[in-house]
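Good morning, and thank you for coming. Please look at the structure on the screen, and I shall take you through a few of its sites.

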Amino acid sequence: MSAKTSSLSAHGLVAGYGSTPSINGVDLLVSPSTGAIGIIGRSGVGKTTLIKAMTGELKVRGGRVNFDGATVGRLGIRDKKRFGVAVRSVAQNGFSGLDSRQTVQKAIEGELTKARKAGRATGASAADVIAVMFLEPRFLPRTISSLSGGERQRLALAAALATRPDILLLDEPTTALDQSLKDAVSRRLAEIVEEDNIGLLVASHDLELINRLCPTVHVLDHGTFVETGSLQDLLTSPKHEATRDLATAFPEATGAFA
Ligand SMILES: Nc1ncnc2c1ncn2[C@@H]1O[C@H](COP(=O)(O)OP(=O)(O)OP(=O)(O)O)[C@@H](O)[C@H]1O
Ligand SMILES: [Mg+2]
């Protein structure tokens with residue numbers, strides 16, 4: 001296991017659209033040493049907004065996002081390159097910056113070149129990289145736009161993992177998958193995160209996924225984290241109204257933890 005030290009942190013983060021920012025004063029630390037962190041909350045509460053602000057995709061309106069102590073919006077060229085391979089995210093729609101006109105092979109080779117240039121190469125082939133997310137070699141010559149939603153979602157995960165990131169931010173990574181793939185992918189992610197010592201942040205409505213991957217879970221509501229704990233504790237004895245709403249909306253999940 002490599003000694004990874006990268007950290008991505010938010011300090012009093014304010015981000016969002018319009019006059020009332022969805023994220024309004026969030027403090028968060030994601031690093032290989034913190035253990036995986038889950039973010040739950042009702043639809044439209046700002047989970048995607050938070051992840052986009054953490055990756056620098058969305059401009060921060062207040063507070064700071066830091067990568068190894070430097071402000072993410074103001075990284076120099078070298079740090080930006082390092083950030084691009086060390087911090088990877090998979091967007092909710094599964095596209096994640098991949099050019100959908102490219103073939104799977106070309107897209108993954110691009111990721112492997114980035115990894116090599118950053119000194120993170122492992123000797124894995126494109127076929128090895130996609131196999132991690134249960135995609136067979138027959139997908140390599142396919143254009144990304146021809147993939148099904150679930151195939152594309154797994155490709156996006158495989159592409160993000162190809163640069164052997166220190167930090168991985170996942171926004172609803174399993175929405176397009178059937179139940180057996182959801183299970184297989186979440187198990188595989190858990191193994192990789194543990195073996196490669198990756199700092200993980202997952203935002204999802206999929207509580208089985210959150211439960212498997214994240215020992216610490218934050219409930220996002222009205223711009224901030226209103227409650228934090230293990231998913232089991234949050235759902236079985238919710239203290240905040242927003243957590244209570246989630247717990248009643250997922251009776252099967254509460255049952256699963258009973
Ligand atoms: N590009 C945009 N322009 C304007 N408003 C936006 C934009 N993207 C998101 N919003 C709004 O910001 C708020 C937070 O959206 P966000 O996508 O972060 O929610 P979410 O918690 O990820 O929801 P979901 O669980 O449905 O994915 C919502 O009210 C949404 O309508
Ligand atoms: Mg979202």
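**Contacts, ligands and helices**

I begin with a polar contact, in which the side chains of Ser146 and Arg142 meet at 3.0 Å. A polar contact here is a pair of N or O atoms within 3.5 Å; within protein, one must be able to donate a hydrogen and the other to accept it, and residues adjacent in sequence count only if both atoms are side-chain atoms. A polar atom of the Ser146 side chain also lies 2.8 Å from the backbone oxygen of Thr143.

Some conventions before I continue. This is a predicted model, in which local features need pLDDT of at least 70 and side-chain atom pairs count only at pLDDT 80 or more, while totals for chains, interfaces and linings use all residues. Residues are numbered from 1 along each chain as its sequence is written, chains are lettered from A and ligands numbered from 1 in the order in which they are written, and side-chain values use heavy atoms, with hydrogens and water left out.

Ser146 itself sits in the loop between α4 (126–131) and α5. Helices (H or I, at least four residues) and strands (E, at least two) are DSSP runs, numbered from the N terminus. With a relative accessible area of 35%, Ser146 is partly exposed; buried means under 20%, exposed over 50%, and partly exposed in between (1.4 Å probe, protein chains only). Arg101 is 45 residues from Ser146 in sequence, and their C-alpha atoms are 8.9 Å apart.

The loop leads to helix α5 (residues 149–162), whose 14 residues should span 20 Å at 1.5 Å a residue; its end C-alpha atoms are 20 Å apart, which agrees. The expected span is 1.5 Å times one less than the number of residues. Of those 14 residues, 13 are buried. Just after α5, Arg164 has a positive phi of about 45°.

Which residues surround ligand 1? They are Tyr17, Ser22, Arg42, Ser43, Gly44, Val45, Gly46, Lys47, Thr48, Thr49, Gln92 and His205, each with a heavy atom within 4 Å of the ligand. This shell divides into 2 nonpolar, 8 polar and 2 charged residues. For that count, Ala, Val, Leu, Ile, Met, Phe, Trp, Tyr, Cys and Pro are nonpolar, Asp, Glu, Lys and Arg are charged, and the others, Gly among them, are polar. Oxygen atoms of ligand 1 lie 2.6 Å from a polar side-chain atom of Ser43, 2.8 Å from a polar backbone atom of Gly44 and 2.7 Å from a polar side-chain atom of Lys47.

Next is the magnesium ion (ligand 2), whose protein donors are Thr48 (OG1) and Gln92 (OE1), lying 2.0 to 2.3 Å from the ion. Donors are N, O and S atoms within 2.8 Å of the metal (3.2 Å for Na, K and Ca); water is not among the atoms, so sites may look incomplete. Thr48 belongs to helix α1 (residues 47–55) and Gln92 to the loop between β6 (87–90) and α3 (104–117), 44 residues apart. Thr48 counts as partly exposed because its relative accessibility is 24%, and Gln92, at 39%, is also partly exposed.

Finally, helix α1: 7 of its 9 residues are buried, so the helix is largely enclosed by the rest of the structure. Lys47 and Thr49 are among those buried residues. After α1 comes Gly56, with a positive phi near 85°.
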